[in-house]
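I opened my notebook to look up a few things in this structure. Have a look along with me.

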Number of protein chains: 2
Amino acid sequence: MGRALAGAFLAAGVRTTVWNRTPGRDGDLTERGVHAAASAAEAVAASPLTVVCVVNYDASDAVLRTDAVTTALKGRTVVNLTADTPDRARDTAAWAADHGVRYLDGAIMTPAPTIGTPQGVFIHSGPAELYAEHRAVLDALGGTHTHLGEDPGRAAAYDIALLDVFWTSMAGYAHALAIAKAEGVTARELAPFAQGIGAILPPLFEEFAEDFDNGTYSGAINPLTSAVSSLAHIVHASESHGINASVMRAAEGLARRTVALGHGADGFIRVAEVLGRR
Amino acid sequence: MGRALAGAFLAAGVRTTVWNRTPGRDGDLTERGVHAAASAAEAVAASPLTVVCVVNYDASDAVLRTDAVTTALKGRTVVNLTADTPDRARDTAAWAADHGVRYLDGAIMTPAPTIGTPQGVFIHSGPAELYAEHRAVLDALGGTHTHLGEDPGRAAAYDIALLDVFWTSMAGYAHALAIAKAEGVTARELAPFAQGIGAILPPLFEEFAEDFDNGTYSGAINPLTSAVSSLAHIVHASESHGINASVMRAAEGLARRTVALGHGADGFIRVAEVLGRR
């Protein structure tokens, strides 16, 4: 991801200095004109804006929160595109404020090959005027950039929620492929129908967002009691082949609990309201 | 669903007789010209083809496997569009064969309002020549119909795998909405980005189907070790708000087990292969 970001800056004509925790990971970037710094402190000192993207905030803390780097960053701006939790983003923003570092937190919602292309999706949070100041440089990364608000944890909150949708869906697809194979159905045979299921999700996401915000959970078309029956069939079919159904068992448990709380005639998204109860 | 099916037959000019376990659920169908039978046996005796769609195979067995109905069905055809497991579909096909009943098993992959429209998706399995014989009448239900093979459990196998994708994705979305709300993000704010995630799923389903069938699991862009980090962030953010993370915890467990088996550099869909190991 770091290489993709630096490559996009380079392609857009932005003077770029790179530093990686593992030396030599910059590929052909140096041949193409990117300066490779010998240390993180040298790298951050080279530009008014530092973009950080590592595996998590333990890793970004290890890079940023050293005396040499913190000193070099004073008065400069960090845009941290590392993915982690909203709490870690807010904690890093507080650290930055304590040390005179100007700080924006962000997330990249699309895979590395989309960086520098119109398909990239970037979200940002933190001081609006700081975002406005660096927006032109950030736009060099391509795609769409959205500033979500001043709370530095807000981009991470969106990121976590969206990754939740993504990875849970992927876990469902992986499980579906395992069941299909046990039933003699290849992934290629299933794929066109799976794509059909994928295609009906976005409009349902929109419809259920309305339901959730409005506190309406119409189950007229598909009540939770009927969903529970479906979930139980999937668990049964999976386990009859010796295939671990832990993800679906957990989903079935949440749905059954929601029915037991009196919401069997509601739509499935009532589960979200029950999950969020304190 | 039964009302939608009968309505579609009626609209297509197919002479239709209905029977429901709960009398009076036929709405305005009788006013529109559908004959309401007084018993299931009378209903199946009225036509060469009987379409069954109830909540599960316990319910369809209770209707079909009575002396009166079994006798009336002899030599006639049943298309069972009830959703359940492949085993139940095969068991019902075996019962049908034992009693001289011609049998096709199917599933409806789209919600009731799509019945009778081009959006409906129907899958069928069982004897090909029986499907060919009744195809014209089934086409009256609208949408696309696909015969998946002679194994009577094959439509149910697809159905289970596809419902797995659907419901797991929905469980992920419900959980995402709960986290977003705890973070002060409304569902409407999240929805456009969630729709973006939904839109990237179909091409990934296609790509991962190739990986799975070929036994290649490239993690070059997104290795499992990195996915595990993502899943752990989601669990942490969820539980820091007191939100049950059981579905994501189960997914994280499968991913960590797959890494522990030596597949950390592979892509996420390696989980499907590990799930399917005997």
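I take contact, or packing, to mean heavy atoms within 4.5 Å. Helices (H or I, at least four residues) and strands (E, at least two) are DSSP runs, numbered from the N terminus.

My ground rules: this is a predicted model, where local features need pLDDT of at least 70, side-chain atom pairs count only at pLDDT 80 or more, and totals for chains, interfaces and linings use all residues. Residues are numbered from 1 along each chain as its sequence is written, chains are lettered from A in the order in which they are written, and side-chain values use heavy atoms, with hydrogens and water left out.

**Helix 6, chain B.** I found B:Leu130, B:Tyr131, B:His134 and B:Leu138 buried (under 20% relative accessible area, 1.4 Å probe, protein chains only; exposed is over 50%, partly exposed in between). Those buried residues fall within an arc of 100° (directions from the helix axis to the C-beta atoms), so they line one face of the helix. They pack against strand 3 (49-52), strand 4 (77-80), strand 5 (102-108), strand 6 (121-125) and strand 7 (144-147) of chain B. On the face turned away I noted the exposed B:Glu129, B:Ala132 and B:Ala136.

**The two copies.** I laid chain B on chain A with an RMSD of 0.0 Å, by a turn of 180° and a shift of 0.0 Å along the axis (least squares on C-alpha atoms of residues with pLDDT of at least 70 in both). That is the relation of a two-fold axis. Which residue of chain B comes closest to the rotation axis? B:Ser169 does, its C-alpha at 2.1 Å.

**B:Tyr173.** Leaving out residues up to four places away in sequence, I saw B:Tyr173 touch several residues, including A:Val165, A:Phe205 and B:Ala191.
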